[in-house]
Amino acid sequence: MSDGFDRAPEQTKPLRAPPSSQDKIPQQNSESAMAKPQVVVAPVLMSKLSVNAPEFYPSGYSSNYAESYEDGCEDYPTLSEYVQDFLNHLTEQPGSFETEIEQFAETLNGWVTTDDALQELVELIYQQATSIPNFSYMGARLCNYLSHHLTISPQSGNFRQLLLQRCRTEYEVKDQAAKGDEVTRKRFHAFVLFLGELYLNLEIKGTNGQVTRADILQVGLRELLNALFSNPMDDNLICAVKLLKLTGSVLEDAWKEKGKMDMEEIIQRIENVVLDANCSRDVKQMLLKLVELRSSNWGRVHATSTYREATPENDPNYFMNEPTFYTSDGVPFTAADPDYQEKYQELLEREDFFPDYEENGTDLSGAGDPYLDDIDDEMDPEIEEAYEKFCLESERKRKQ
């Protein structure tokens, strides 16, 4: 059944244009043509277009998505079609997430009322996040929002629990996937990066209201990195680099809080791969750059010392950028000069830097601006007449 996006306005027959000079017109002799020129009058064509016609959108364009979702899901026969349309819409217009996610969640709460429906919803989002390039981040944000706003919580598990169960299914075959064929590895890499985004975006609220990350994902990412480094093919190593660039700083902070040295072990693993593995030169360079990034605290900048205000006593360069002034005798001086205040006051008295202006900008000297004085405040007669007509017409419409 159509989803409503492929419908185009009713097609009208193209309007026929008057014949051009290249069209064949019955020829007359030159004398009659000179005596009585033939005038061809183009027929008056009435347009069949209507102001009430629907807007035209190219096939596949989902600009009318918001309108259809304001009406809920009446136009969608199945949950799958409704959710898939929303996911495709987010893929094309990720900026609409903030404005439309609330309505989406409310609609789902009225539709997803069974275990099977919730399972279907989880699978649709998982497939979109692991099969569409660049949707892993948006998919993780969507999962986090739904985990806090879906009201259904069946015995099989709530949304977050079912999502993690679905991820575990893929996680359990990590070793086979990491050494599988190219298609299998590509699907596995998409899963790895989605799990990384979930770790960063999925918030779990504790009993005391504190927000934490899912520790189970932290453990999972560690084992996924092991699987990738244990099969040091180029694409596996590239995936590991992407994952560590994405989550490395957060993972290391979490491990350090627990007194673990997992990141040290990972960096040692990378150095061994660079030395021993038969990966390409470019991939080895990527790995070395990652080690360098980690040595710089993942690119994060921390202040080495507390801020203190610069003064002439604690900063030898305090006066370096100060301007240079000159006394009436032409002697230069700066703020570092012992007599600076005295000389500077003399300079102010000598130079009229501040003319006599009031606070509102009125010149007290009596001299006006010759340019502004020449400006006439009166309107041009034609403009004034048009303005009066406009006022009268506005008043007439207001009284109607």
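Helices and strands are DSSP runs, numbered from the N terminus, with at least four residues for a helix and at least two for a strand. The structure described here is a predicted model. In that numbering, N134 lies in the loop between α5 and α6. The phi angle of N134 is near 70°, which is a positive value in a residue other than glycine. N134 is exposed, because its relative accessible area is 78% and exposed means over 50%. A second asparagine, N297, also has a positive phi, near 60°. N297 is placed in the loop between α13 and β3. With a relative accessible area of 26%, N297 is partly exposed.

Salt bridges were examined next. The count comes to twelve salt bridges. One of them joins R141 to E98, with the closest N and O atoms 2.5 Å apart. This pair connects distant parts of the chain, since R141 belongs to helix α6 (residues 136-149) and E98 to helix α4 (residues 97-111), with their positions 43 residues apart in sequence. E98 has a relative accessible area of 55% and is therefore exposed.

Another salt bridge is formed by the side chains of R166 and E123, at 2.7 Å from N to O. Here too the partners come from distant parts of the chain: R166 is in helix α7 (residues 159-171), E123 is in helix α5 (residues 115-131), and they are 43 residues apart. The two partners fall into separate accessibility classes. R166 counts as buried because its relative accessibility is 17%, and buried means under 20%. E123, at 29%, is partly exposed.

A further salt bridge links D253 and R300, whose closest N and O atoms are 2.8 Å apart. D253 is part of helix α11 (residues 234-257), whereas R300 sits in the loop between α13 (281-295) and β3 (325-326). The two residues are 47 residues apart, and the pair again links distant parts of the chain. Both ends of this bridge are partly exposed: the relative accessible area is 31% for D253 and 30% for R300. In addition, E252, K256, E264 and R294 are joined into one network by salt bridges that share partners.

Charged residues also appear in a surface patch. D380, E382, E384 and E388 form a negative surface patch. Among them, E382 is located in helix α16 (residues 381-399). E382 has a relative accessibility of 62% and so counts as exposed. A residue must have over 30% relative accessible area and no salt bridge to be part of such a patch, and the 62% of E382 meets the area condition.

The cysteines were considered for disulfides. The structure holds zero disulfides. For C143, the nearest cysteine sulfur is that of C167, 7.6 Å away, and C143 is in no disulfide. A disulfide requires two cysteine sulfur atoms within 2.5 Å, so the 7.6 Å separation does not qualify. C143 is buried, with a relative accessible area of 0%. C279 is likewise buried, at 9%.

Two pairs of residues illustrate positions separated in sequence for which a distance in space was computed. I267 and V291 are 24 residues apart in sequence, while their C-alpha atoms are 6.6 Å apart in space. I267 is found in helix α12 (residues 262-276). Its relative accessible area is 7%, so I267 is buried. In the other pair, H149 and L108 are 41 residues apart in sequence, and the C-alpha to C-alpha distance is 9.7 Å. H149 is in helix α6, the helix that also holds R141 of the salt bridge with E98. At 37% relative accessibility, H149 counts as partly exposed, because this class covers values between the limits of 20% for buried and 50% for exposed.

Conventions:
Residues numbered from 1 in each chain as written. Predicted model: local features only at pLDDT ≥ 70, side-chain atom pairs only at ≥ 80, totals over all residues. Heavy atoms only, no water. Patch = residues over 30% accessible without salt bridge, like charges linked within 9 Å, V, L, I, M, F, W, Y side chains within 5 Å. Areas by Shrake-Rupley, 256 points an atom, 1.4 Å probe, with all protein chains shown as cover. Salt bridge = Lys/Arg side-chain N within 4 Å of Asp/Glu carboxyl O. Lys, Arg positive; Asp, Glu negative; His and termini not counted. Charge placed at Lys NZ, Arg CZ, Asp CG, Glu CD. Buried < 20%, exposed > 50% of the residue type's maximum accessible area, 1.4 Å probe, protein only.
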